[in-house]
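User: I'm new to reading structures and would like some help. Could you walk me through one, feature by feature?

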Protein chains: 2
Amino acid sequence: MSVITVERKVLKKNDQYALEIREHVALQKIVVLNLLSSPGSGKTTLLEKTLEKLKNRINTAVIEGDVQTDQDAVRIARHNVPVVQIVTNGGCHLDAALVLDALKQMDLSAVRLLFIENVGNLVCPAGFDLGEHHKIVIAGTTEGDDKPLKYPKTFRVADVCLINKIDLLPYLDFNVDVFIENAAKTNPGLTFFQLSAKTGEGLGPWIDWLENRTVAQP
Amino acid sequence: MSVITVERKVLKKNDQYALEIREHVALQKIVVLNLLSSPGSGKTTLLEKTLEKLKNRINTAVIEGDVQTDQDAVRIARHNVPVVQIVTNGGCHLDAALVLDALKQMDLSAVRLLFIENVGNLVCPAGFDLGEHHKIVIAGTTEGDDKPLKYPKTFRVADVCLINKIDLLPYLDFNVDVFIENAAKTNPGLTFFQLSAKTGEGLGPWIDWLENRTVAQP
């Protein structure tokens with residue numbers, strides 16, 4: 001048996017769990033977003049700011065994926081939303097079986113929007129369907145405008161690209177137009193939002209996008 | 001057969017190739033460094049600045065690992081050092097078999113220092129011995145001071161940690177002392193250098209460290 005065969009079986013099994021997740025969340029009218037990025041792109045800070053903005057507007061829940069530590073879940077829990085931490089213990093991505101287990105531990109009855117913060121890794125998570133409706137890639141301006149060319153799969157599978165840390169643009173050699181051009185080469189259908197989780201600049205259109213995707217709450 | 005069994009076999013095979021690399025470079029008195037980091041930590045820029053400083057002092061060569069594109073090899077080739085690009089086509093790390101193949105294509109007769117720039121990924125490359133003498137982890141100040149806690153394995157297997165982008169410290173909530181404390185918790189034996197590949201600040205001690213590691217050239 002070759003490694004490739006095993007990998008295919010793992011993926012097939014993953015897709016079965018992803019289907020189960022889709023059925024589970026469809027019943028409850030929950031929109032699921034899978035957040036992908038490098039380590040240190042500001043995913044958790046961006047998620048915290050997003051939860052603040054959505055407070056009293058959309059009921060949210062969060063699944064946190066990390067190689068180690070539960071400190072992201074601790075940060076998210078301060079926002080009084082349901083949160084489950086998945087620690088992969090060295091695993092480089094979340095898979096649908098882990099997410100399904102987490103989902104079954106959560107009370108999602110009032111939730112309309114579920115964020116899954118994947119492990120910080122611009123390569124491996126892109127290959128795993130977590131039953132999400134949209135994959136969102138977050139790229140920091142500090143990471144360079146060549147990243148969509150160097151990690152094309154992640155940009156290819158995403159629907160939305162959040163360009164974070166625009167407050168640092170004056171201090172960096174990062175060309176937003178070049179970045180967008182590189183990303184659009186890989187995936188012409190990408191929707192871009194330029195923002196800074198730290199300063200709050202540019203968050204509005206992203207929040208509007210989220211509100212437009214969720215089903216009106218009863 | 002379980003996935004874990006297959007993974008162990010892959011690693012065992014990798015270690016055999018890593019041993020072959022060690023024998024190959026020992027004969028030629030070459031020191032091998034394996035550079036690990038997130039995407040966008042500034043690995044390639046740092047490598048370019050390092051090559052400039054080492055010019056006419058130590059003969060170097062470079063193996064470039066990327067998921068896609070040869071643009072890093074093109075950048076390195078401008079410095080007139082032997083360079084081979086390994087494109088993993090989606091693979092999330094280099095392995096010893098790939099590196100050994102690359103080595104065999106290079107004329108290393110005058111080379112004393114070989115840099116292997118791994119795929120940008122703070123998780124997977126840490127598990128693969130490439131026959132290197134030292135693993136070097138590069139962490140950008142833009143990535144946050146919590147990264148050693150969240151990606152402990154990479155910091156545990158490294159001998160040296162380069163804290164890059166210190167020129168951006170005035171604009172970030174990054175505490176160098178907290179970062180070092182977090183990294184030292186994981187690996188008390190780590191040697192740290194604080195530098196900026198962009199401005200050149202702090203490169204001196206890193207270059208000295210490299211010179212002290214290489215065998216005197218004939």
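User: How much area do chain B and chain A bury between them?

Analyst: Happy to help! Please keep in mind that this is a predicted model. Buried area is the accessible area that two parts lose on being put together. Here, chain B and chain A bury about 2,900 Å² between them, with 61% of it on carbon and sulfur atoms. On the chain B side, B:Pro39, B:Lys150 and B:Tyr171 supply 21% of the area buried against chain A, more than any other three residues.

User: How many residues does the contact take from each chain?

Analyst: Contact means heavy atoms within 4.5 Å. Chain B gives 38 residues, and chain A gives 38 residues.

User: Now for chain A by itself. Which radius of gyration does chain A have, and what would a compact globule have?

Analyst: A compact globule with 218 residues would have a radius of gyration near 17 Å, and chain A agrees, as its value is 17 Å. Along the principal axes, its C-alpha atoms fill a box of roughly 50 × 45 × 30 Å. Chain A is built with 8 helices and 7 strands.

User: What share of the residues of chain A count as buried?

Analyst: A residue is buried when its relative accessible area is under 20%. In chain A, 56% of the 218 residues count as buried. The chain exposes about 9,100 Å², and carbon and sulfur atoms supply 50% of that.

User: And where do the charges of chain A sit, taken as two sets?

Analyst: Chain A has 24 positive and 27 negative side chains, and the centres of these two sets lie 3 Å apart.

Conventions:
Residues are numbered from 1 along each chain as its sequence is written. Chains are lettered from A and ligands numbered from 1 in the order in which they are written. This is a predicted model: local features need pLDDT of at least 70, side-chain atom pairs count only at pLDDT 80 or more; totals for chains, interfaces and linings use all residues. Side-chain values use heavy atoms; hydrogens and water are left out. Helices (H or I, at least four residues) and strands (E, at least two) are DSSP runs, numbered from the N terminus. The radius of gyration is taken over C-alpha atoms; the globule rule is 2.2 Å times the number of residues to the power 0.38. Buried means under 20% relative accessible area, exposed over 50%, partly exposed in between (1.4 Å probe, protein chains only). Accessible areas come from the Shrake-Rupley method with a 1.4 Å probe; for residues, only the protein chains shown count as cover. Lys and Arg count as positive and Asp and Glu as negative; His and the chain ends are not counted. The place of a charge is taken as NZ of Lys, CZ of Arg, CG of Asp or CD of Glu. Buried area is the accessible area (1.4 Å probe) that two parts lose on being put together, summed over both.
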